[in-house]
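Trainee: I have a structure open and would like to reason through the labels people attach to it. Could you take me through them?

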Number of protein chains: 2
Amino acid sequence: MTRRRRPTLDDVASAVGVSRATVSNAYNRPDQLSSQLREQVLRAAAALGYAGPDPTARSLATSRTGAVAVLLDTSLSAAFSDPALSVTLDALARVVDPHALLLLPGGASGGPPAERVLTAQADIAVAYSLADGAPALDSVRARGLPLVVIDQPLLPGAARIGCADREGAALAARHLVSLGHRRFGIFAAGSRVTPGGGALSLGAASAASFRDTRERLAGYLDEVDPASVVVEEAAGLSVESAMAGAFALLGRTPRPTALLCMSDQLALAVLAAAGQLGLRVPEELSVVGFDDSPPAAWAVPPLTTVRQDLAVKGRIAGELVLRLLAGEPVPPPDEVPVSLVVRASTGPAST
Amino acid sequence: MTRRRRPTLDDVASAVGVSRATVSNAYNRPDQLSSQLREQVLRAAAALGYAGPDPTARSLATSRTGAVAVLLDTSLSAAFSDPALSVTLDALARVVDPHALLLLPGGASGGPPAERVLTAQADIAVAYSLADGAPALDSVRARGLPLVVIDQPLLPGAARIGCADREGAALAARHLVSLGHRRFGIFAAGSRVTPGGGALSLGAASAASFRDTRERLAGYLDEVDPASVVVEEAAGLSVESAMAGAFALLGRTPRPTALLCMSDQLALAVLAAAGQLGLRVPEELSVVGFDDSPPAAWAVPPLTTVRQDLAVKGRIAGELVLRLLAGEPVPPPDEVPVSLVVRASTGPAST
DNA sequence: CAGCGTGACTGAAGCGCTTCAGAAAGTCCA
DNA sequence: TGGACTTTCTGAAGCGCTTCAGTCACGCTG
């Protein structure tokens, strides 16, 4: 069975005996023809098995694709296992509907490969927490695609939404200080600075390639004595590497009495690791996360964390997308506010 | 600053003084011209700010978009909070690379709206666990798009990959029976059969609109006396509704001593609910999941569950995509094997 | 030297659609 | 009854690219 050539607008037009423009109008501008003729066209289309204008051809003619390219730093499984991303992207998707999301997962180099971006059929790009200088961003620029960045340094010509990272981190650190803690561990997500993860000097950590890592670190250090801090970086973004990092951090001597985690995911890994080591939280160890993603509230014990409204962040990102698409000028960078949510994973220092 | 018209192939061609075909070849068939001329073309392109052939125009000319449409039953956040999806999709994405994934999230009607599918720029569609008769599937057919379905009934002309649902469910049930359990609760994911969720008769449950729900139910009932079973359906796909359903199930009198959950997500919700009620697992309650998604192993206690290799499933789905895209005939439906992974969430019935 | 193979490049025909400036035919009102 | 609108539909010019059948020049072979 040779698959017959799909019918085109022309086929429908000649079947009905009208011009191609009329058939096009039947789909795109119903007010441009009598409803009677329109019915007739649609019937003929159905009879011929014509499923409506070809999306690609339409895109070429209108120079709009109806898709938003989402540039991710990591593989899909790593990306999706981050609840913060899920929530943000979901909110974004709702706002930009009916635009579809074209997912460009990251490769080894951090962010999607440049040529994937060059050939992506999308009207606009959204970059989610890419490392500084990711090649994908150059491609976006080269193509002249509008760009919205989330949790990233501002790029010229791009719109930006983030959160008050530094302030949030400072809130978390201050909370621990006020509880009497004096020995801190800082737990950062995996990055490509030190591909294997592991212990990090403050200097190295301050040079992280992710803006949020740098900012949150700075926020912590606004409140605690750098000398009282050890920094650990996870080896990757998987839960496994978070667990490994957590064990490493808890194995330091003297053991920190409080852990500042740069995401809830990391904090949850710490909780799990502490559980396995028989360390009681918060009696023997205080843990604070970042994001207030949904699992933070269900954790045992419920996680003290820095809250940012991820749904709002996603929504704002979506609105930025729509505004850039509408040709509006690039708005100034925006941030969602942060607040500290104190739950049960933090308590007084056990001297 | 009016955004200047982007340069096209023609601009580059006339800048260099060659034909348009030559410039096209410089990008697509380097062997068709001297490397010297190619260099010259590429330099001119860079000078003009030409970032390579326009993806849409290229698609129209080649009638290939390089995108795989992924049809989801739910919103993105619900979809992504399902680790099984993440793993599957990740594996799929790796196999079909460099194809990008075009995400079409589901709406209120189950699955993406029909017109979203009609206008999606993709070469092929992958449907992930859609309800029977989802309108999106009709659109796929109408467009004549190749289709791969995952965990769904077979559609004529579609390729299918699933898992041995019924067999897996039977394994789980048999395990509990052998542990002496005689009062069972079956916990099904939310669907649109009974939009609010809640208690379900066996008849209603057997008519579920999701194939995997029906099959797993049948598998459970292959091993346990239907009279010894109560069925609960979650109100939705969120963690919250899973928790609510879990409480409902644990509130039945007499309380089931063992719960058969149709996914790990549901099982984890049960674990959390049991914890809040002070019910010890497995001493007072046995819980078995389905999927063996990553969190199952980290749960407290680690979850006994039916394992299906999700990465393999995703990989096979990806291979099916590639084969259909290559014009190969539709292979017969395939299933990944299942096995029971006994961990610590199941134990002898407490009489 | 005729004949031929080869490498390098081009012309032009699409791909399937949208859109805009009309044309044709009807409607309305003074 | 005639001019001014409306409504309805059409012709044709793109949108930016790929690709195929050549054309052309050149060096090689026998």
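Mentor: Gladly. Let's begin with a cut-off: a residue is near a molecule or strand if its C-beta atom, placed from the backbone, lies within 6 Å of it. Keep in mind that this is a predicted model.

Trainee: Which element gives the largest share of the surface near DNA strand C?

Mentor: That is α2(A), with 6 residues inside the cut-off. In total, 26 residues surround DNA strand C, and the closest are T8(A), L9(A), S24(A), A61(A) and L33(B). Both chains take part: α2 and α4 of chain A, together with α2 and α4 of chain B, each give two or more residues.

Trainee: What classes make up the surface near DNA strand C?

Mentor: Its residues divide into 13 nonpolar, 9 polar and 4 charged.

Trainee: And what surrounds DNA strand D?

Mentor: There are 27 residues around DNA strand D, the closest being L33(A), T8(B), L9(B), S24(B) and A61(B). The largest share of this surface comes from α2(B), again 6 residues. The elements giving two or more residues are α2 and α4 of chain A, with α1, α2 and α4 of chain B. By class, the surface near DNA strand D has 13 nonpolar, 9 polar and 5 charged residues.

Trainee: Let's turn to helix packing. At what angle do the axes of α2(A) and α3(A) cross?

Mentor: They cross at roughly 95° and come within 10 Å. Angles of 65 to 115 degrees count as roughly perpendicular. The crossing angle falls in that range, so α2(A) is roughly perpendicular to α3(A).

Trainee: Which residues make the contact between α2(A) and α3(A)?

Mentor: On α2(A) they are T22(A), V23(A) and A26(A), and on α3(A) they are R38(A), V41(A) and L42(A). By class, that contact has 4 nonpolar, 1 polar and 1 charged residues.

Trainee: How many residues of each chain are in contact across the two protein chains, A and B?

Mentor: 43 residues of chain A are in contact with 43 residues of chain B. On the side of chain A, α6(A) gives the most, with 6 residues. That side divides into 26 nonpolar, 13 polar and 4 charged residues.

Trainee: What makes β2(A) and β2(B) a strand pair?

Mentor: Two strands pair if DSSP finds at least two bridges between them. Here β2(A) and β2(B) have 3 bridges, in the antiparallel sense, so they meet the criterion. One of the bridge partnerships links L103(A) with L101(B).

Trainee: Now the sheet in chain A. Why are β7 and β13 called its edge strands?

Mentor: Each of those two strands pairs on one side only. The sheet is open, with 7 strands in the order β7-β8-β6-β9-β10-β11-β13 and mixed pairing. On average, neighbouring strands are turned by 25° against each other, direction ignored.

Trainee: How do you know that β10(A) and β11(A) are paired strands?

Mentor: DSSP has to find at least two bridges. β10(A) and β11(A) share 4 bridges in the parallel sense, so they count as a pair. Within this region, V288(A) stands opposite T304(A) in β11(A).

Trainee: Which helix packs on the sheet, and which strands does it touch?

Mentor: Helix α9 of chain A, residues 165–178, touches β6, β9, β10, β11 and β13 of chain A. Its direction makes about 25° with that of β13(A). Angles under 35 degrees count as roughly parallel, so α9(A) runs roughly parallel to β13(A).

Notes: Residues numbered from 1 in each chain as written. Chains lettered and ligands numbered in written order. Predicted model: local features only at pLDDT ≥ 70, side-chain atom pairs only at ≥ 80, totals over all residues. Contact = placed C-beta atoms within 7 Å. Nonpolar A, V, L, I, M, F, W, Y, C, P; charged D, E, K, R; others polar. Axes fitted to C-alpha atoms, helices over the stretch in contact; angles between N-to-C directions. Parallel < 35°, antiparallel > 145°, perpendicular 65-115°, else oblique.
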